[in-house]
Amino acid sequence: MIGSIGVIFNTFDLSGTLDKVGARTNVIKSGPLKDMASPFKPMDDNERAVMQGMVNEYYARFKGIVQSNRKLDDTTLAAVSDGRVFTGLRAVELHLADQAGSLRDAIQVAQDLSHSPGARVVLYKRPYGYSGSIYAHSQEEPPQAKVTEFNLIPPKTFLPMGFYYLWNP
């Protein structure tokens, strides 16, 4: 699968829930937008405008990178950049990908393009089997040869189940 050319910023408004249980937040901040998109209060029009501006900026940059690197005309770019995903074969037809294949194929192409037949794959694994999304699992066995595994969290560390995010703009 490939695609999802778009930008999303998701936040929650839990203020109604807090009201129901009699909880309130008290914020001391250095500027009017410091707690922008806080889940503990409704987003006002000014905050929404700032967030929408950021999303639009990231989206324009993302589309520009895709357009210049994939050599897409404006019409094709508009048709493929509405956030949807495409199968690998459809992505090849739309010139979003050069070819479709498996993870093993991608590793081989990377080795060939880099003229590094002995290059090793570094596989970062999340503990407890969480793979990030339903799309991250494959029936194909992961490559066994030349693989270095890093467990990022010590085995005796307990993490509750849930989603963990890292944002780096």
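Helices in this tour are DSSP runs of H or I with at least four residues, numbered from the N terminus. The model is predicted.

**Stop 1: helix α2**

Select residues 45–70, which form helix α2. At 1.5 Å a residue, the 26 residues of α2 should span 38 Å, and the end C-alpha atoms are 36 Å apart, which agrees. Next, colour the buried residues of this helix: Glu47, Met51, Val55 and Val66. The buried residues of α2 pack against α3, a helix that covers residues 74–80.

**Stop 2: a nonpolar patch on the surface**

Stay on α2 and select Phe62, which lies in this helix. Phe62 counts as partly exposed because its relative accessibility is 31%, a value between the 20% limit for buried and the 50% limit for exposed. Add Val7 and Tyr58 to the selection: together with Phe62, these residues make a nonpolar surface patch of about 220 Å².

**Stop 3: the largest nonpolar core**

Which residues make up the largest nonpolar core? Select Ile5, Val66, Leu72, Leu77, Val80, Phe86, Ala91, Leu94, Leu96 and Ala97, 10 residues in all. Val66 also belongs to the buried residues of α2. Now centre the view on Leu77. Leaving aside residues up to four places away in sequence, Leu77 touches Lys63, Val66, Gln67 and Leu72. Of these contacts, Val66 and Leu72 are also members of the core.

**Stop 4: salt bridges**

The structure holds 5 salt bridges; the tour visits some of them.

Select Lys29 and Asp35, whose side chains meet in a salt bridge with an N to O distance of 2.7 Å. Lys29 is partly exposed, since its relative accessibility is 39%. Asp35, at 13% relative accessibility, counts as buried.

Move to Lys41 and Glu47, where the side chains form a salt bridge of 2.5 Å, N to O. Lys41 has a relative accessible area of 22% and is therefore partly exposed. Is Glu47 buried or exposed? Glu47 counts as buried, with a relative accessibility of 2%, and it appears among the buried residues of α2.

Continue to Arg70 and Asp98, a salt bridge in which the closest N and O atoms are 2.8 Å apart. This pair links distant parts of the chain, 28 residues apart: Arg70 is in helix α2, whereas Asp98 is in the loop between α4 (88–93) and α5 (103–113). With a relative accessible area of 24%, Arg70 is partly exposed. Asp98 is exposed, at 65%.

**Stop 5: positive phi in two loops**

Most residues other than glycine have a negative phi. Two residues to inspect against this background are Ala37 and Lys71.

Select Ala37, in the loop between α1 (15–20) and α2. Its phi is positive, about 70°, although Ala37 is not a glycine. Ala37 is buried, because its relative accessible area is 13%, and buried means under 20%.

Finally, select Lys71, in the loop between α2 and α3. Lys71 has a phi near 55°, again a positive value in a residue other than glycine. Is Lys71 buried or exposed? Lys71 has a relative accessible area of 70% and is therefore exposed, the limit for that class being over 50%. Displaying both loops together sets a buried Ala37 beside an exposed Lys71, each with a positive phi.

Terms used
Residues numbered from 1 in each chain as written. Predicted model: local features only at pLDDT ≥ 70, side-chain atom pairs only at ≥ 80, totals over all residues. Heavy atoms only, no water. Core = buried A, V, L, I, M, F, W, Y, C linked by side-chain atoms within 4.5 Å. Buried < 20%, exposed > 50% of the residue type's maximum accessible area, 1.4 Å probe, protein only. Contact = heavy atoms within 4.5 Å. Patch = residues over 30% accessible without salt bridge, like charges linked within 9 Å, V, L, I, M, F, W, Y side chains within 5 Å. Areas by Shrake-Rupley, 256 points an atom, 1.4 Å probe, with all protein chains shown as cover. Salt bridge = Lys/Arg side-chain N within 4 Å of Asp/Glu carboxyl O. Expected span 1.5 Å × (residues − 1).
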